[in-house]
Amino acid sequence: MSSRIAQRALCLDDFEVMSRRHLPRPIFGYVAGATERNAALADSARAFTEYGFVPRVLRDVSKRSTKATIFNREWAAPFGIAPMGLSALAAYRGDIVLTEAAKAANVPMILSGSSLIRMEEVIAANPDTWFQAYLPGDATRVEALVDRVAAAGFGTLLLTVDTAVLPNRENNVRNGFSTPLRPSLRLALDGITHPMWSLNTFLKTWRLHGMPHFENSFAERGAPILASNVLRDFTARDHLNWEHLALIRRRWPGWLIVKGVMHPEDAARAAAEGADGVIVSNHGGRQLDGTSAPLRVLPEIRAAAPNITVMLDGGIRRGTDVMKALALGADFVFVGRPMLHAAAVAGREGVDRAISLLLGELERNMALLGVNSLAELTPECLIRVGG
């Protein structure tokens with residue numbers, strides 16, 4: 001059944017259409033929505049439309065390859081799965097599903113610090129999983145979480161730095177989603193009208209694994225999603241500063257990435273503090289509304305941090321989007337919402353299909369552009385057509 005559902009999708013956008021029908025309104029709204037007017041979310045996608053390709057012809061592209069190497073590891077493609085909190089609320093064992101599909105496809109998956117499945121379980125399913133941390137400005141708690149991540153066996157740690165305070169996600173309120181998740185008549189009715197999600201995700205999780213908790217916010221287990229004090233796990237981040245990054249660099253033995261960088265000077269500072277890479281990201285439009293599309297600031301950040309790995313997430317829905325990001329300076333990109341929509345509607349088969357679709361588009365469009373390798377994707381492949 002899941003395989004047949006997955007095969008209906010012909011592109012990543014199709015999974016969002018299917019997910020809207022499958023998920024209760026509050027859950028779908030949480031996954032798909034952003035902040036305030038959704039301006040940052042919309043601009044992330046719009047930026048890609050402002051560049052066109054200038055294909056070259058009569059080139060032998062029979063030996064083209066989509067393989068990419070970052071952090072001394074070769075991957076099958078230059079894209080991976082971005083971190084997404086509460087994935088297990090949208091899809092049964094969502095984080096496990098996402099990381100198993102990533103392992104099978106040989107692409108990286110990043111586990112969110114706001115996940116509902118213990119990091120130790122996720123990395124057992126895929127030892128190449130990366131971990132993304134939300135850290136408070138408290139050195140003791142920072143050290144304890146970093147030590148737990150290392151003990152679990154992760155080799156790559158991301159520090160997300162664009163969440164100083166909770167944003168104004170009024171879309172969640174309008175859709176009936178809240179943190180903590182509050183039982184209500186509206187939520188109950190949504191569950192009744194979306195029985196496949198209620199039976200196969202929500203009730204199955206509760207029956208087999210108990211009440212979901214925020215498992216990875218700190219070294220210790222976090223609050224359950226229904227707890228009135230759950231917001232304490234998402235506060236006290238406004239003290240986080242560069243000294244904490246230096247602390248993590250001294251304590252963390254593996255690859256260290258700073259996620260949420262949008263200014264060239266911050267990218268240069270991250271490199272100076274010992275970060276191995278940055279992810280240019282506006283948090284999927286979920287933090288400061290009106291923040292620029294990551295693609296717009298990418299070239300300047302690449303120039304400011306030439307000696308570290310520069311990655312990007314936000315707005316990528318097609319293989320051509322991946323190509324444009326790489327042409328403008330990214331070494332790698334990450335895709336979030338479409339992968340979770342795919343997991344929600346078709347589980348592991350859905351994510352397998354989503355990765356396959358994006359990889360197929362990338363491989364095909366490289367041939368049509370006239371390039372054999374990702375290194376050939378340069379600014380000369382593009383022309384500004386708008387904006």
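How many residues line the second largest pocket, and which of them lie nearest its centre? There are 21 lining residues, with Ile5, His22, Ala344, Val345 and Ala346 nearest the centre. (A pocket here is an open set of points on a 1 Å grid over the protein atoms alone, where a 1.4 Å probe fits, with protein on both sides within 12 Å along at least five of seven lines; lining residues have an atom within 4 Å of a point.)

A quick word on the background: this is a predicted model, where local features need pLDDT of at least 70 and side-chain atom pairs count only at pLDDT 80 or more, while totals for chains, interfaces and linings use all residues. Residues are numbered from 1 along each chain as its sequence is written, and side-chain values use heavy atoms, leaving out hydrogens and water.

Back to the pocket: H16 gives the largest share of the lining, six residues. These helices (DSSP runs of H or I, at least four residues) each give two or more residues to the lining:

| Helix | Residues |
|---|---|
| H1 | 2–7 |
| H2 | 12–22 |
| H11 | 195–209 |
| H16 | 337–369 |

Elsewhere, there's an open sheet of eight strands with parallel pairing, in the order S4-S11-S10-S9-S8-S7-S6-S5. Strands are DSSP runs of E, at least two residues, and two of them pair if DSSP finds at least two bridges between them. The edge strands, S4 (79–81) and S5 (110–112), each pair on one side only. Inside the sheet's order, S6 (residues 130–133) and S7 (residues 156–160) run parallel and are joined by three bridges. Phe131 stands opposite Leu157 in S7.
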